[in-house]
Amino acid sequence: MNHLEDTASLEDRMARVADGTIALRVAGTVPAERAAEAHRRLEVGEQRGRVVLTF
């Protein structure tokens, strides 16, 4: 089974995030059509944490 089909592992990670075992550092959200802009901001170090693309 590849990682895209491993729903049990994904559900485990989601539960860990929900209970605070895994902390996510989300710097912000960006619409998917602005993904290139978000990537440039990460490359130059303007953001700390992850950028989440919204669809």
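# Reading the labels

User: Why is Arg16 called partly exposed?

Analyst: In this predicted model, Arg16 has a relative accessibility of 39%. Buried means under 20% and exposed means over 50%. The value of 39% falls in between, so Arg16 counts as partly exposed.

User: What makes Asp12 and Arg16 a salt bridge?

Analyst: Their side chains meet at 3.2 Å, N to O. The cut-off is 4 Å, from a side-chain nitrogen of Lys or Arg to a carboxyl oxygen of Asp or Glu. The pair Asp12 and Arg16, at 3.2 Å, therefore qualifies.

User: Where do Asp12 and Arg16 lie?

Analyst: Both are in helix α1, residues 7–19. Four residues separate Asp12 from Arg16, about one turn of the helix. Asp12 is partly exposed, at 38% relative accessibility.

User: How many salt bridges does the whole structure hold?

Analyst: The search finds three. Arg34 and Glu37 form one of them, at 3.1 Å, N to O. Glu37 also forms one with Arg41, where the closest N and O atoms are 3.8 Å apart.

User: How do you know that 3.8 Å is enough for Glu37 and Arg41?

Analyst: The limit is 4 Å. The closest N and O atoms are 3.8 Å apart, so the Glu37 and Arg41 pair counts as a salt bridge. Glu37 and Arg41 both sit in helix α2, four residues apart, about one turn of the helix.

User: What makes Arg34, Glu37 and Arg41 a network?

Analyst: Salt bridges link the three residues. Glu37 is bridged to Arg34 and to Arg41.

User: Why are Arg34, Glu37 and Arg41 called partly exposed?

Analyst: Arg34 has a relative accessible area of 37%. Glu37 has 28%, and Arg41 has 26%. Partly exposed runs between the 20% and 50% cut-offs, so each of these residues earns the label.

User: Is Ala38, in helix α2, buried or exposed?

Analyst: Buried. The relative accessible area of Ala38 is 4%, and buried means under 20%, so the label follows. Helix α2 covers residues 35–43.

User: Which residues does Ala38 contact, leaving aside its neighbours within four places in sequence?

Analyst: Val30 and Val51. Leu53 is 15 residues away from Ala38 in sequence, and the C-alpha to C-alpha distance is 8.7 Å.

User: How do you know that strands β1 and β2 pair?

Analyst: Pairing takes at least two bridges. Strand β1, residues 26–31, and strand β2, residues 50–54, share five bridges, so they pair. The sense is parallel. Thr29, for instance, has Val52 in β2 as its bridge partner.

User: What kind of unit do β1, α2 and β2 make?

Analyst: A right-handed β-α-β unit.

User: What makes Val52 part of a surface patch?

Analyst: Val52 lies in strand β2 and has 34% relative accessibility. Patch members need over 30%, so Val52 passes that cut-off. At 34%, Val52 counts as partly exposed. The nonpolar patch joins Val52 with Val17, Leu24 and Val26. Together they have about 310 Å² of accessible area.

User: Why is Thr21 called exposed?

Analyst: Exposed means over 50%. Thr21 has a relative accessible area of 56%, so the label holds. Thr21 is in the loop between α1 and β1.

User: How far apart are Thr21 and Leu4?

Analyst: They are 22 Å apart in space, C-alpha to C-alpha, and 17 residues apart in sequence.

Definitions and conventions:
Residues are numbered from 1 along each chain as its sequence is written. This is a predicted model: local features need pLDDT of at least 70, side-chain atom pairs count only at pLDDT 80 or more; totals for chains, interfaces and linings use all residues. Side-chain values use heavy atoms; hydrogens and water are left out. Helices (H or I, at least four residues) and strands (E, at least two) are DSSP runs, numbered from the N terminus. Buried means under 20% relative accessible area, exposed over 50%, partly exposed in between (1.4 Å probe, protein chains only). Contact means heavy atoms within 4.5 Å. A crossover is right-handed if, with the strands pointing away from the viewer, the path from the first strand over the helix to the second runs clockwise. Patches are made of residues with over 30% relative accessible area and no salt bridge: like charges are joined within 9 Å, nonpolar side chains (Val, Leu, Ile, Met, Phe, Trp, Tyr) within 5 Å. Accessible areas come from the Shrake-Rupley method with a 1.4 Å probe; for residues, only the protein chains shown count as cover.
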